[in-house]
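User: I've got a model loaded and I'd like to go through it with you, a bit at a time. Could you take my questions as they come?

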Amino acid sequence: MMMEQSKVYISLKAGTASLILETSAATDGQEAYQQIKSKIPSANLGIYGARDIQTLLRSHREFKAPRVFTDIEKFISAATVIKKVLV
């Protein structure tokens with residue numbers, strides 16, 4: 001029996017907004033983290049591992065209705081807009 005590989009989730013909370021980027025593997029998560037930090041150095045990011053998004057949301061109830069992304073460019077775009085609005 002093969003165990004299902006956990007996914008890596010990168011979160012950004014700003015004000016009442018929660019954004020989550022879902023990556024399929026740890027190496028993808030690491031690359032995505034570095035890419036986000038290079039574009040938005042001031043971003044306060046959280047990194048989590050979970051089997052799926054439902055499991056992550058059950059174990060981290062502080063995420064209220066997050067926007068979940070699988071595309072890093074869309075995540076960065078949304079994060080940039082949120083950061084500009086809050087500044």
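**Charge, strands and loops**

Analyst: Sure. A positive surface patch is made up of Lys 13, Arg 51, Arg 58, Arg 61 and Lys 64. Keep in mind that this is a predicted model.

User: Take Arg 61 from that patch: is it buried or exposed?

Analyst: Arg 61 sits in the loop between α2 (53-59) and β4 (67-69). Its relative accessibility is 59%. Exposed means over 50%, so Arg 61 counts as exposed.

User: Now strand β1. How many of its residues are buried?

Analyst: Strand β1 covers residues 7-14, and the strand is mostly covered. Ile 10 lies in this strand and is buried, with a relative accessible area of 0%. Of the eight residues in β1, the number buried is six.

User: How many bridges join β1 to β3?

Analyst: β3 is the strand at residues 45-50, and β1 and β3 run antiparallel. One of the pairings puts Lys 7 opposite Ala 50 in β3. The number of bridges joining β1 to β3 is six.

User: And on the β2 side, which residue is the bridge partner of Ala 14?

Analyst: β1 and β2 (residues 17-23) run antiparallel and are joined by seven bridges. Among the pairings, Val 8 has Thr 23 as its partner in β2. For Ala 14, the partner in β2 is Ala 17.

User: Which residue takes a positive phi in the hairpin of β1 and β2?

Analyst: There are two residues between the strands of that hairpin. The phi in question is near 65°. The residue that takes it is Gly 15.

User: What about β2 and β4: which way do they run, parallel or antiparallel?

Analyst: Three bridges join β2 to β4. One pairing has Leu 21 with Phe 69 in β4 as its bridge partner. The direction of the β2 and β4 pair is parallel.

User: Why is β2 largely enclosed by the rest of the structure?

Analyst: β2 has seven residues, and the description rests on how many of them are buried. Buried means under 20% relative accessible area. Glu 22 is found in this strand and, at 19% relative accessibility, counts as buried. β2 is largely enclosed because the number of its residues that are buried is six.

User: Which residue forms a salt bridge with Glu 22?

Analyst: The salt-bridge count comes to one. In the Glu 22 pair, the closest N and O atoms are 3.4 Å apart, and the rule asks for a side-chain nitrogen of Lys or Arg within 4 Å of a carboxyl oxygen of Asp or Glu. The partner of Glu 22 is Lys 7.

User: How many residues apart in sequence are the parts that this pair ties together?

Analyst: Glu 22 lies in strand β2 and Lys 7 in strand β1, so the salt bridge ties together parts that are separated in sequence. Lys 7 is partly exposed, with a relative accessible area of 26%, whereas Glu 22 counts as buried at 19%. The separation in sequence is 15 residues.

User: Back to the loop between α2 and β4. Which residue there has a positive phi although it is not a glycine?

Analyst: Most residues other than glycine have a negative phi. Here the phi is positive, at about 45°. The residue counts as exposed, at 73% relative accessibility, and its place is in the loop between α2 and β4. The residue is Ala 65.

User: How far apart in space are Glu 22 and Asp 71, C-alpha to C-alpha?

Analyst: Glu 22 belongs to strand β2. Along the sequence, Glu 22 and Asp 71 are 49 residues apart. In space, their C-alpha separation is 8.1 Å.

User: What separates the C-alpha atoms of Ile 10 and Gln 30?

Analyst: Ile 10 is in strand β1. Ile 10 and Gln 30 are 20 residues apart along the chain. Their C-alpha atoms are separated by 9.5 Å.

User: Last one: what separates the C-alpha atoms of Lys 37 and Ile 76?

Analyst: Lys 37 lies in helix α1, residues 26-39, and counts as partly exposed at 26% relative accessibility. Along the chain, Lys 37 and Ile 76 are 39 residues apart. The separation of their C-alpha atoms is 9.7 Å.

Terms used
Residues are numbered from 1 along each chain as its sequence is written. This is a predicted model: local features need pLDDT of at least 70, side-chain atom pairs count only at pLDDT 80 or more; totals for chains, interfaces and linings use all residues. Side-chain values use heavy atoms; hydrogens and water are left out. Patches are made of residues with over 30% relative accessible area and no salt bridge: like charges are joined within 9 Å, nonpolar side chains (Val, Leu, Ile, Met, Phe, Trp, Tyr) within 5 Å. Accessible areas come from the Shrake-Rupley method with a 1.4 Å probe; for residues, only the protein chains shown count as cover. Lys and Arg count as positive and Asp and Glu as negative; His and the chain ends are not counted. The place of a charge is taken as NZ of Lys, CZ of Arg, CG of Asp or CD of Glu. Helices (H or I, at least four residues) and strands (E, at least two) are DSSP runs, numbered from the N terminus. Buried means under 20% relative accessible area, exposed over 50%, partly exposed in between (1.4 Å probe, protein chains only). Two strands pair if DSSP finds at least two bridges between them.
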